[in-house]
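Please examine the structure below with attention to how its side chains meet in the interior. The account that follows proceeds from aromatic rings to an internal cavity, then to salt bridges and a helix.

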Amino acid sequence: MIYVTGDTHADAERLSLSRLRALKAGDTLIICGDFGFLWDNSKREQKIIRQLGKRKYNICFIDGTHENFKLLNNYEVSEWNGGKVHKIYGNLYHLLRGQVFEIDGKTVFTMGGGESPDIDIRTDENGWSKDEIPTQEELLEGVKNLEKHNYKVDMVITHEPPTRIKGFLQLKDYDTLRVSALNAYFEELSDSCEFDKWYFGSLHTDKYISSTHIGVFKNIINAETGEKV
């Protein structure tokens, strides 16, 4: 079974054994960006990483905008379930951008990254990285991998939502709405691809926008049904 949740931002309680008690051996939890546990490479952080990687189920995450990309990209790229990953430790994986994975009989397209809402005031010195924004090559790789599956997957997992979804959720701030090229890319994918569920985490909301598009934050969701567990 596949489950999804939103940005964890290094909050260990969010991934406690009690909160994830519904997950069984061989299940997979996917975090929709801003994982946060790969930040300073401290002894405490390394201990948490080892504990998470020793779980009986897989814990996977896509990257968001608040990541230590230098640390993350030091991991060797390998293949897992048909797509590219960084294997962090044991059953803990970073799912790379533009990949299609075969997990528990389901096809899952992943595209991490985004544009920080405070990008205008952030610099390399205060934790911002240009690597948060997907490159043209990563976007094209995503299209090529979707093409191999005839633009049909069971699930789409992203950090950012498509343009229309972002606009809907931020109606009161529509005049100042920041729409990136990535949002537009997702809008095109939303129109041209066939999928059952699309999960995203950047807006920090647990909200069912439609039968297909679902914002996730603190809830643990059955990715196949869209139901909270």
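To how many aromatic pairs does the count come? In this predicted model, the count of aromatic pairs comes to seven. A pair of aromatic rings is described by the distance of the centres and the angle of the planes. For Trp80 and Tyr93, the ring centres lie 4.6 Å apart and the planes stand at 25 degrees, so this pair is stacked; the reasoning rests on the cut-off by which planes under 30 degrees apart count as stacked. The two partners come from distant parts of the chain, Trp80 belonging to strand 4 (residues 77-80) and Tyr93 to strand 6 (residues 92-95), with their positions 13 residues apart in the numbering. Trp80 counts as buried because its relative accessibility is 11%, and Tyr93 likewise counts as buried, at 8%.

Aromatic contacts also extend beyond single pairs. Tyr185, Phe186, Phe195 and Trp198 are joined by ring pairs into a cluster. Two of these names, Phe195 and Trp198, recur in the lining of the largest cavity.

Rolling a probe the size of a water molecule over the atoms shows where empty space is left. The model has one cavity of 30 Å³ or more, and the largest cavity holds about 40 Å³ of space. Its lining consists of Phe109, Leu146, Val153, Val156, Leu189, Ser190, Cys193, Phe195 and Trp198. By residue class, this lining comprises eight nonpolar residues, one polar residue and no charged residue.

Charged side chains form another set of contacts, with eight salt bridges in the structure. One of them joins Asp63 to Arg97, whose closest N and O atoms are 2.7 Å apart. This bridge links distant parts of the chain: Asp63 sits in the loop between strand 3 (58-61) and helix 2 (69-72), whereas Arg97 sits in the loop between strand 6 and strand 7 (99-103), 34 residues apart. Which side of the burial cut-off does Asp63 fall on, buried or exposed? With a relative accessibility of 2%, Asp63 counts as buried; Arg97 is buried as well, at 7%. Both residues also take part, together with Glu138, in a network of salt bridges.

A further salt bridge brings together the side chains of Glu160 and Lys166, at 3.2 Å from N to O. Glu160 counts as buried at 5% relative accessibility, as does Lys166 at 8%.

The side chains of Glu187 and Arg164 meet in a salt bridge with an N to O distance of 2.1 Å. Because Glu187 lies in helix 5 (residues 181-192) and Arg164 in helix 4 (residues 163-169), the pair ties together parts that are 23 residues apart in sequence. The accessibilities of the two partners fall into opposite classes: Glu187 counts as buried at 13%, whereas Arg164 is exposed, with a relative accessible area of 53%.

The final element is helix 1. An α-helix has 3.6 residues a turn, so residues three or four places apart point the same way. In helix 1 (residues 43-53), the buried residues are Glu45, Ile48, Ile49, Leu52 and Gly53. Viewed down the helix axis, these buried residues fall within an arc of 130 degrees, and therefore they line one face of helix 1. The face turned away from that buried side carries the exposed residues Lys43 and Arg44.

Notes
Residues numbered from 1 in each chain as written. Predicted model: local features only at pLDDT ≥ 70, side-chain atom pairs only at ≥ 80, totals over all residues. Heavy atoms only, no water. Phe/Tyr/Trp six-rings, centres within 6.5 Å; stacked < 30°, edge-to-face > 60°. Helix = DSSP H or I, 4+ residues; strand = E, 2+ residues; numbered from the N terminus. Buried < 20%, exposed > 50% of the residue type's maximum accessible area, 1.4 Å probe, protein only. 1 Å grid on protein atoms, 1.4 Å probe; cavity = no way out; pocket = protein on both sides within 12 Å on 5 of 7 lines; lining within 4 Å. Points joined across faces, edges and corners; volume = space filled by probe spheres on them. Nonpolar A, V, L, I, M, F, W, Y, C, P; charged D, E, K, R; others polar. Salt bridge = Lys/Arg side-chain N within 4 Å of Asp/Glu carboxyl O. Arc of directions from axis to C-beta.
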